[in-house]
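Good morning, and thank you for making time for this presentation. Please have the sequence and the structure open while I speak.

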Amino acid sequence: MVKPLWVLAVALAGAGVVGAEGSGTGRNTPHEALKAYAAMDYTLAGKLARQIPDTPEGQLVAGLCDLYDRSRQDIGRGQLTLAELFYNEKMPLDYRLEAGVALARTAQLMKERRELYGDAGDRYDHEKIFRKVMAMAPGSSAARNAFLYLIRERLEDPAQQEAAFEELETFLRDFSGDPKLLPPIHLLAEYEYIRLKNDYKTAARHLQEGYEIGFANPSENRSGLFRLAFLYHKKIGDKPLAVKYYKEYLERYPYSGQAAVAQRFLEELGEGGK
Amino acid sequence: MSDKNKDEVYNAGRFQKLGIILAVLFYVVSVVMVIRNYGGMSVVFSPDTRVITIAHWQLEDGFREGIDAAIAEYEKAKAEQGVKVKVRQVAIPVRGYPQWYLTQLIGGSPADVLEVTGSSDILNQYFTALSPYIGSPNPWNKGTPLEKMSWRESFADDMLSALDTAYSEFFSVCTFMHTTRLYVNMKLYEEATGTTELPDTLTDWLEACRKLKEYGLAQERPIIPIGVRGFDKGTIGQLFSTYNSQLGTDLSDTGSKYGYGVQQGELFRQINSGELSEDRLLEPVEVVTEIGQYFADGFPAIDLEQTKYLFFAGNVAFFIDGTWNAYSMINNAPFPVRVIQIPVLDKKHRLGAKSFGRITELGSGIQGRFGIPKKTRDFELALDFLQFLTSWKINQLVMVEHCKWMSSLKEVKYEGVMKDFEPVTNTSHTAISSPFTSIGTLSNRLALQRLENSIIHQPEDPKAFFWNDFLNDREQIIDEVREATYGVQRNLWSMDGTRSALAVGVALSESDSSEIGLYLLRANINLEGIVSRYRAVDANIQLMEELGKLKEYGKNGD
Amino acid sequence: MAIEVPFKKLRYYWPAYLLIAVPLLLVLVFNYHPIVNGMWHMFYRWDGDTVEEFVGFQNIVRMWRDSSLLHSFVVVTIFVVANIVKMALPIIVAVVLHHVISDKMGYLYRILFVIPMIIPGMVGILIWKYFYEPNSGILNNLLRIFGFISPTDTIQWLSDERLVIPSLVFMGFPWVGAFGVLIYLAGLQGISEDIYEAADIDGAGPLTVFFKIELPLIMTQVRINLILMIIGTIQSWENIYLFLGVDGGPGGIATVPGLMIFREAFARGLFGYGCAIGFVIFVVTLILTLINNRFVRVRK
Amino acid sequence: MARVVRSRTVEFFKHLFILVVLFFAFVPMYLMINISLKDNMQFSRNPWFPEAPFHWENYLFSWNHLGGTIFNTAFVAITATVLTLVVAIIGAFFFARYKMPGSKFLFGIFIILMMYPSVANMVPMFKLITSLGLYNTHFALIIPAIAGGQAFNIFVLRNFIEDIPQDLFDAIEIDGGNMFYQIWHVVVPLSMPIIGTLGILSIIGQWNNFVSPLLYLRDTNLQTISVALLHLEGEYTKNWGQLMAGYTIASIPLVVLFIFCMKLFIRGLSSGAVKG
């Protein structure tokens, strides 16, 4: 979706071309391109990537900039570059995984906004790509991301809901990678069990497992602990566990605003003294 | 041309020439001054000095001096740490702030510490998410009562007011607090009611107002029992949320499906299914309408200046306003003034049977939100200064000493007149948000307009009047929720961009270096954020569905 | 009249185009770049910066469904009609000023008319707020003194839906637009002496002089002022915003299109929708100006 | 001047009518000066009539606050006005004097500009100004003001130049005078009253304009007077005395400027018209 030419002509007529393209292809431009992209400096990353089009890094960064740099977005071209990279076995594994996840995720998001993207999203079968990524590197964070995006969509579809819940459990059980990657999946599981099945017991279990591994976001950790106690108290009715977690909450966050509420609930449960 | 005319043209000539010379002289002087000013601008700081800017719209007297004092302290403290720092303060008038703020964020290089305003989309797109930084204690709180608390817990409301509900993310921190109080004209109050004992419950307050009205008619004086600043509906909104929480704080248990905290869509679902009567949400409307009968006629068109004018003229008994200029109000009013809290909905009142009494004021009045734009060139210094500004000693220096406002932190003791402004904290009932006012800026504005109409027209059933009018506005409200949902979906796209940048960061750095740990941590935070976006999207979709199903007053749920 | 330059003569007259080159370039760069940007974004959900989602005619459909936009055009038409009526006063003042015999006083009056133009708008708004203030404002006090209303009674000029628009129309009534007076004066002074002497000989009374000679001859200036007034009134929203807040009075009754743009674009961040409303305002102004050009014929 | 002799009473009514209109015109000015001598308490009690203790310190405070900005504003306002009028006169002359192919279309371009509400131009314009490197300089105010003023000034000037009898131009052209010679010797003297009026309007516009200086000037020592005045307005507490004192100080230079220039424009006209 490039800006109509005559608008640019008018702007350039007045603006005057701002500084010629920076040149200089230093030895480690591929590394520079990746560093710029990691810092989300799309303009610099895009410029550097365009200088080294045939290297894997150049292809990856150019493709990703086309997708995510809103000021110069060209989704069609970006997905095409990433697809070539993904299906090319000779390319480094890390780059192929990232290209695959980005390609599949953007295709998935485009399918959800048909009124905006029409059927441009149907060009790639995102489920097949997600599955391929999970097969290529089972324990990696790319596989974990692919799985989360995939399972969320399958849970939304009533037909696949039951199967999706089973797949969710098996994935968590035999995940071969670093367990610290799993808390976000547990968080999703807790939410979906309540939303779709009102199954508070399983939801609490997932929240508990995620909490024990530890959520990365400190505020998620804190609200998660209070939620755990609240679910056991008001939704499941398991008094001892509710008391245990309310007390743990009061120990770890004595000064928090919700400490007073936890105290009130403890009194409700007949455990006034702390 | 007659002779008379000719010399007039001639001598006019000399007078004119003087005029032209004066104009040219004035122009030359101004050109010289301008060049000198340009010179002044180029006071370049030495290269190793790190420069950041703080910008806000608080032009009240005391605020700018307070910030200057804090800057001086900060520069001294950093110099001791061997870091040369310069902080510039930019104050923008409130009338021009929306345009200035948006243009700086979009087009230019915004200030490093900026007072935030505007929709959640703008906050999410242009401001750094602070949740990773609020878990650890504020380094500037060493040796103070807040030493052991995390930065988040050091705030009086646990940063609840700074939480952006649409993105469940913190984009700013609060720096000062106001509570809403009643300023009482003791001379008039005593004349009309014959006592100096001030009302603490709603029943007594309404009784006092009735007496004041009668006294006004008897004396043929335009007495206004309750003076409110109608112009920007702030005070009516404050009354509504106070009584909404006093009546509905228990809804946060029943109205929450996922965890402690009411969800708007869930409340409307319960109304549609009959589990909850819409009366529970509408009772505060009836309370505020009943209070509203004692407002001045035509109160919506009266702004703050005119309300104060009427108060000082001695015709207003209770003037409801925030505490931002309370200090000057009390000291130079021509009659004794006392300050009381908003009277509590008591059991004697017909709607008071189920009232939970006073609720904690911690959530409501905390404002002065400052955030750090993503485009800042020195995030580390900006964050450090923001923590300095919200540290126990410095925040009190700026707010309590200079502005006579309240600090947004915990463990702050107030004495003298300011004691009456202190928020209510000795209760475990937390404030909750009403679905009418907390869906978005548009629905809030429409709700307060409805409330105002209800006060003006005093319908015999305010609940039905408000609810049916709310149904007429439904289409606009659903439209606003849909726009917010598109915003969140757009956000999912850019969050995946963050995911990919972090993945490239991991691929880039050596396997066991410290960088990888940080990238994985941030990747997890991002993915946890994506899960909470799913919650926000589903909540919005449910809200739109349930809003669509609501029926006329009294016909829901059967 | 001006020199007709057909294509053949262009060889000789082409340097004339240089005259217009500078203003044209300035206008294209600094005015048309944003306007084109605005028109083009009419079809987008746009936040003023990078977020641009093509939504086609959604903004236009939303405008059609938005009853308050239609209402705001009705309100602004009332203001335009009221301003047309208010144009009479500056003309009368200019004519009277023109006929003041003593040159010295006439000249003094001209200066005195210019000076109030400098006072910032804020002061005027402050006055009118206190004029309409229900409890102790001037208007209600006058009505109380003359017994139209009882001492404790109040009329809410700015918060009663029925009274807001009439109050806004009446606002500024005694104030004469000094700019209008000066433009008409400049026009009147262009009438040469002998036309007046001829009228004197025919024994024409002051009214006939006015309607037969003066009014027709300053029609150019009247037409200019009419066009400027229409454009100004349709686009103005600052006074309503300062006077009644962003809601535009009780129930948004006095919302004018310009205020809606500010509300949608800056308060809610829907720039695309704001541009769509801006385009509709442009179309309405264009139509009114074309009508004005056809009906207010200038008989030379 | 029209020399229609009338009896004394009609003359009296004329003066009375003008004085009544002038009285209303001067109420805001009276109020401004009156409030500028009050503190907030006096203002709250009675804003209308002067009250005993006159607070001259308001002026001192406002002068310290606004002092330097007057010269910035004067520089911007006068430069912008002069350049706008020079460019506009040349442009209007083109439209009034020649009916070239495409004149109508070009004139349309300018007129349409006046009708288009400038909602969208704040952000794109900001980017344009920063990309041209004008940000935080006075030229960021002057150049857009020149461009912005063209449509209106050309529109008004064209009508006036069309009223000038053409033979004046033909006479000069025969003597070999080029276009600019014609403008300087015929258009400028004859349209002096309208040029004066447009000049006044343009200077007032720049003097009170607060949006573009607010957006484009970051350093306080470059700021113009309108933004400095805004700084006196707190959101909740306005010190009306200092604010009105600020307004009064801000309007003094304009009043002085007008007293002199006004005479210049009226005189310019009468000599020109009689000669014609």
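At what angle do H4(D) and H7(D) pack, and how far apart are their axes? In this predicted model, the angle is about 40 degrees and the axes lie 7 Å apart. That makes H4(D) oblique to H7(D), because angles that are neither under 35 degrees, nor over 145, nor between 65 and 115 are classed in this way. The crossing of the two helices is right-handed. As for the chemistry of the contact between H4(D) and H7(D), 18 of the residues are nonpolar, six are polar and two are charged.

Both of these helices also belong to the side of chain D that touches chain C, and I turn to that interface now. Here 74 residues of chain D are in contact with 79 residues of chain C. Several elements of chain D give two or more residues to this side, including helix H1 (8-36), helix H4 (69-97), strand S1 (98-99), helix H7 (139-163) and helix H13 (240-275). Which of them contributes the largest share? The answer is H1(D), with 14 residues. By class, the side of chain D that touches chain C has 60 nonpolar, nine polar and five charged residues.

There is also strand pairing between these two chains. Strand S1 of chain C, residues 3-4, is joined to S1(D) by two bridges, and the strands run parallel. Within that pairing, Glu4(C) stands opposite Lys99(D).

Let me move to the other interface on my list, that of chains A and B. In this case 44 residues of chain B are in contact with 46 residues of chain A. Helix H17 (474-508) and helix H18 (514-549) of chain B each supply at least two residues of the side that touches chain A. The largest share of that side, 14 residues, comes from H17(B). The residues on this side of chain B divide into 21 nonpolar, 11 polar and 12 charged.

A few words on chain A itself. Chain A has 15 helices and zero strands. Of its 274 residues, 42% count as buried. Among the contacts in chain A with a separation of 6 or more, 44% are made by residues 24 or more positions apart.

I return to chain B and to H18(B), which has a further helical partner. Helix H9 of chain B, residues 264-273, packs against H18(B) at an angle of about 30 degrees, with the axes 8 Å apart. The two helices are therefore roughly parallel to each other, the cut-off for that class being an angle under 35 degrees. H9(B) passes H18(B) in a left-handed crossing. On the side of H9(B), the contact is made by Gln264(B), Gly265(B), Phe268(B), Arg269(B) and Asn272(B). The residues from H18(B) include Ala539(B), Leu543(B), Glu546(B) and Lys549(B). Four nonpolar, four polar and three charged residues make up this contact.

Next, the sheet in chain B. Six strands form an open sheet with mixed pairing, in the order S2-S1-S3-S11-S6-S12. Which strands lie at the edges? They are strand S2 (85-91) and strand S12 (406-407), each of which pairs on one side only. Strand S1 of chain B, residues 50-56, pairs with S2(B) in the parallel sense over seven bridges. One of the bridge partnerships is that of Thr53(B) with Arg88(B) in S2(B). Helix H2 of chain B, residues 63-80, lies across S1 and S2 of chain B and runs at about 170 degrees to S2(B).

Helix H3 of chain B, residues 97-106, is mostly covered, with seven of its 10 residues buried. Among the buried residues are Trp100(B), Tyr101(B), Leu105(B) and Ile106(B).

My final item is a single residue, Glu169(B), which lies in strand S5 (residues 169-170) of chain B. Is Glu169(B) buried or exposed? Glu169(B) counts as buried because 23 C-beta neighbours fall inside 10 Å, and the threshold is 20 or more. Leaving aside neighbours within four places in sequence, Glu169(B) is in contact with Asn124(B), Ala129(B), Ser131(B), Asp164(B) and Gly529(B). From Glu169(B) to Thr249(B), the separation is 80 residues in sequence and 24 Å in space, C-alpha to C-alpha.

Thank you for your attention.

Methods. Residues are numbered from 1 along each chain as its sequence is written. Chains are lettered from A and ligands numbered from 1 in the order in which they are written. This is a predicted model: local features need pLDDT of at least 70, side-chain atom pairs count only at pLDDT 80 or more; totals for chains, interfaces and linings use all residues. Two residues are in contact if their C-beta atoms, placed from the backbone, lie within 7 Å. Helices (H or I, at least four residues) and strands (E, at least two) are DSSP runs, numbered from the N terminus. Ala, Val, Leu, Ile, Met, Phe, Trp, Tyr, Cys and Pro count as nonpolar, Asp, Glu, Lys and Arg as charged, and the others, Gly among them, as polar. A residue is buried if 20 or more other C-beta atoms lie within 10 Å of its own, exposed if 12 or fewer, and partly exposed in between; C-beta atoms are placed from the backbone. Axes are lines fitted to C-alpha atoms, for helices over the stretch in contact, and angles run from 0 to 180 degrees between N-to-C directions. A crossing is left-handed if the near helix is turned anticlockwise from the far one by less than a right angle, and right-handed if clockwise. Two strands pair if DSSP finds at least two bridges between them.
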